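Ready to get to know a new structure? Grab the viewer and work through a few short exercises, each with a solution.

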Amino acid sequence: EKGYETGEHAPGLKLGGCGAYKAAHHIIKSHAKVWHSYNNTWRSEQQGMVGISLTTGWGEPIDPHSQADIDAAERYIQFHLGWFANPIYRGDYPEAMKNYVGRKSAQQGLGTSRLPTFSVQEKIYIKGTSDFLGIGHFTTRYVTQKSFPSLQVSSYHMDQDLAELVDPKWPAPGSKWLYSVPWGFRRLLNFIKTQYGNPLIYVTENGVSEKVQCTQLCDEWRIEYLKGYINEILKALNDGVNVRGYTAWSLLDKFEWNKGFSERFGFYHIDFKNKNKPRYPKASVDYYKNIISANGFPNPREVMS
C-alpha cells in the first residue's frame, strides 16, 4: 500500500485504488511459484520448510453488540491478514474483499473489479503453498462501520468502509501507530487457528519502539509490553493454537523505514552519532534473557543456586 498506493515508500508509485492490489497479486503468485520450486526440487533432499510472514494488527468491534461493527472488524482482518493468507490457505481472496472492492468498482463505472482475480488453475496452484505461517504483530484497533462514498478517489483504505479507533488508556510509548494491547494477540492467534486450519505459526516480529531516548536505558515499558504479549501467546498455546516459536523485534536499534533512527525498537541502544556505533544493553535485555533461558516466564520463587 505504501509503495504502490500512497507512494510513501519505494518505489513511490501513487496508483490509487489498484496499485496495491496488483502488487499483492504478483507477490502471492510469485510466493506460490517459489514454494512449488522448493517442493519439487529440494524438499526431498533437504526436508526444509517454506512459509510466508505476514504482519497484521487485530481488529475488535467497538460495539460487540452491533452487527455492523462486528462485520467491520471482520473486514479489517480480511483486508489485512486475509488479503494474503486467504489465497494461500483457502484458495482465493476473502469474500469481504471481493464484495466490497467489486461493488465499489461497479459504482465507479468500471467494467471489472479493481481487485484482480485468480484463474481456477491459479487458485489450485496457490492453495496450500505454506508450510508455516509467520506472523508479525504489534498492536490492535477498535473498529466501527464508516461508509466512504464510492464517488471519492478510490483507495485501499476507503474500500474497507471502516474507521479505526484506539482507547486513550492504552499505553503508547513509541511510534504513533503502536499501542500496547496484549489481549488482541490471543484473539488474532485464535482467529488464525479457526480460519486457516490451525497452521504451524512462528511469531516473526513483536515488539515496541521508543521515541524518547532514555539516558539510563530503563525501558520498563518494553518489559511490560513483552510480558503482556508473551503471556497472551502462552494463553493461545493453552487454547490449542500451534505456535512453535517467538522472535522479538528487535535485537538492535536500527533504521526504521521513513522514520530513520528516530524510533528505536532494539534491546540494545545504538549510538548512531558515534562512528563506531557502540551498543549498550537496555534493561529489557536482562528481562528477555531470563525468558529465553527459561523458555517461558521463570518461576519467581526459584532460587538460583
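**Exercise 1: the sheet**

Four bridges link β1 with strand β3 (residues 133-136), and the two run parallel. Keep in mind that you're looking at a predicted model.

Task: Find the residue that stands opposite I52, then work out the strand order of the open sheet.

Solution:
- Step 1: Start at I52; opposite I52, in β3, stands L133.
- Step 2: Carry on across the open sheet, and its four strands come in the order β1-β3-β6-β7, with parallel pairing.
- Step 3: Check the edges: β1 (52-55) and β7 (243-246) are the edge strands, each pairing on one side only.
- Step 4: Look at the twist; ignoring direction, neighbouring strands of this sheet are turned by 25° against each other on average.

**Exercise 2: helices over the sheet**

Task: Which strands does helix α7 lie across, and which does helix α8 lie across?

Solution:
- Step 1: Helix α7 (residues 183-195) lies across β3, β6 (201-205) and β7, and runs at about 160° to β3.
- Step 2: Helix α8 (residues 220-238) lies across β6 and β7, running at about 165° to β7.

**Exercise 3: the cores**

Task: Which residues have the most contacts inside the largest nonpolar core?

Solution:
- Step 1: That core has 53 residues, and L81 and W83 have the most contacts inside it.
- Step 2: Helix α3 (residues 67-90) supplies the core's largest share, eleven residues.
- Step 3: Zoom in on L81: leaving out residues up to four places away in sequence, L81 touches L54, T56, I135, L188, F191, I192 and Y196.
- Step 4: Now find the second, separate core; it has nine residues, including L226, V285, Y287 and I291.

Key
Residues are numbered from 1 along each chain as its sequence is written. This is a predicted model: local features need pLDDT of at least 70, side-chain atom pairs count only at pLDDT 80 or more; totals for chains, interfaces and linings use all residues. Side-chain values use heavy atoms; hydrogens and water are left out. A nonpolar core is a set of buried Ala, Val, Leu, Ile, Met, Phe, Trp, Tyr and Cys residues joined through side-chain atoms within 4.5 Å. Buried means under 20% relative accessible area, exposed over 50%, partly exposed in between (1.4 Å probe, protein chains only). Contact means heavy atoms within 4.5 Å. Two strands pair if DSSP finds at least two bridges between them. Axes are lines fitted to C-alpha atoms, for helices over the stretch in contact, and angles run from 0 to 180 degrees between N-to-C directions.
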